[in-house]
Amino acid sequence: ISDNTDFRVYPADEISSNKYSYWNIESIGGYRPIKLRLYQDLMDAGGFNRSHILDMLNVKYVLTRKKINNPNFTSVNDLRGIYENKKVLPKAWIIGNLKKVESQKESLMETLMTGFNPYTSAVVLEYEGDHIPANAYGKAIVKLKEENKIEINCQSETGGLLVLSEIYYKPGWKAFVNGIETKIYQTNHILRSVYIPAGESEVLFEYDNSRWQNTRMLSRISILTVLMLIGFSISRERKQKSN
């Protein structure tokens with residue numbers, strides 16, 4: 001398969017495999033010694049068995065030896081075990097219909113509901129931003145995607161909620177809309193979103209690792225201090241014995 005678009009795969013038969021990273025293919029599976037609670041909760045609740053969850057996770061291809069009886073998933077070039085998702089959502093999109101929730105449990109249950117349509121709606125935890133028209137629409141283009149930085153150009157006559165198909169992780173991540181820092185909302189239980197105004201907007205998601213850098217520096221200083229104290233103690237003991 002030759003596909004240069006930005007997408008993820010769902011290896012349904014080997015969900016714990018990390019082999020796809022060798023080919024720089026993003027997968028919603030894989031083994032990690034530490035998993036985010038939000039993501040694990042969605043998996044434990046059978047979220048990957050619901051097509052709208054795969055849509056919002058940017059899953060374009062499902063890899064399985066089993067037959068998929070869903071018209072939205074079609075066999076690719078008659079290749080056994082590869083199905084293309086015709087309803088896959090892009091990395092970022094704009095919506096206006098918000099379902100505001102106040103707890104993690106409600107967030108998970110509303111996201112898993114069969115009638116939930118991530119194309120037009122979003123489940124947002126503790127939303128406190130500007131009013132968003134229900135008929136909000138617009139276009140979002142990912143200009144840059146790196147490990148710690150994502151840049152998106154948005155054009156919307158109505159303004160709305162920009163949903164990004166990346167895992168919500170609060171510590172360290174910051175968002176800026178036209179250079180002004182804005183709040184990142186936990187959306188669809190595991191994704192993130194920000195409010196954007198009407199017109200053209202430049203959105204930046206950036207990971208601030210300054211706290212980690214400071215912690216690492218303090219750790220190095222502490223280790224160096226301990227080594228110096230140990231060296232000083234050994235030197236003093238040797239002098240005392242020589243005397």
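**View 1. The bridge between Arg 8 and Glu 26 in the predicted model.** In this predicted model, Arg 8 has Glu 26 of strand E2 as its bridge partner. The two strands concerned, E1 (residues 8-11) and E2, run in the parallel sense and are paired over two bridges.

**View 2. The open five-stranded sheet that holds E1 and E2.** Across this open sheet the strands follow the order E2-E1-E3-E5-E4, and their pairing is mixed. The edges are formed by strand E2 (26-27) and strand E4 (73-75), and because each of these has a single partner strand, one side of each remains without a neighbour in the sheet.

**View 3. Glu 126, a residue with positive phi in a loop.** Most residues other than glycine have a negative phi. Glu 126, which is not a glycine, nevertheless has a positive phi, near 50°, and is located in the loop that lies between strand E8 (121-125) and strand E9 (139-145). With a relative accessibility of 41%, Glu 126 is classed as partly exposed, since that class covers the range between the buried limit of under 20% and the exposed limit of over 50%.

**View 4. Asn 178, a residue with positive phi between E12 and E13.** The phi of Asn 178 is positive, at about 55°, although this residue is not a glycine. Asn 178 belongs to the loop between strand E12 (173-177) and strand E13 (180-182), and its relative accessible area of 43% makes it partly exposed.

Notes: Residues numbered from 1 in each chain as written. Predicted model: local features only at pLDDT ≥ 70, side-chain atom pairs only at ≥ 80, totals over all residues. Heavy atoms only, no water. Helix = DSSP H or I, 4+ residues; strand = E, 2+ residues; numbered from the N terminus. Buried < 20%, exposed > 50% of the residue type's maximum accessible area, 1.4 Å probe, protein only. Pairing = 2+ DSSP bridges.
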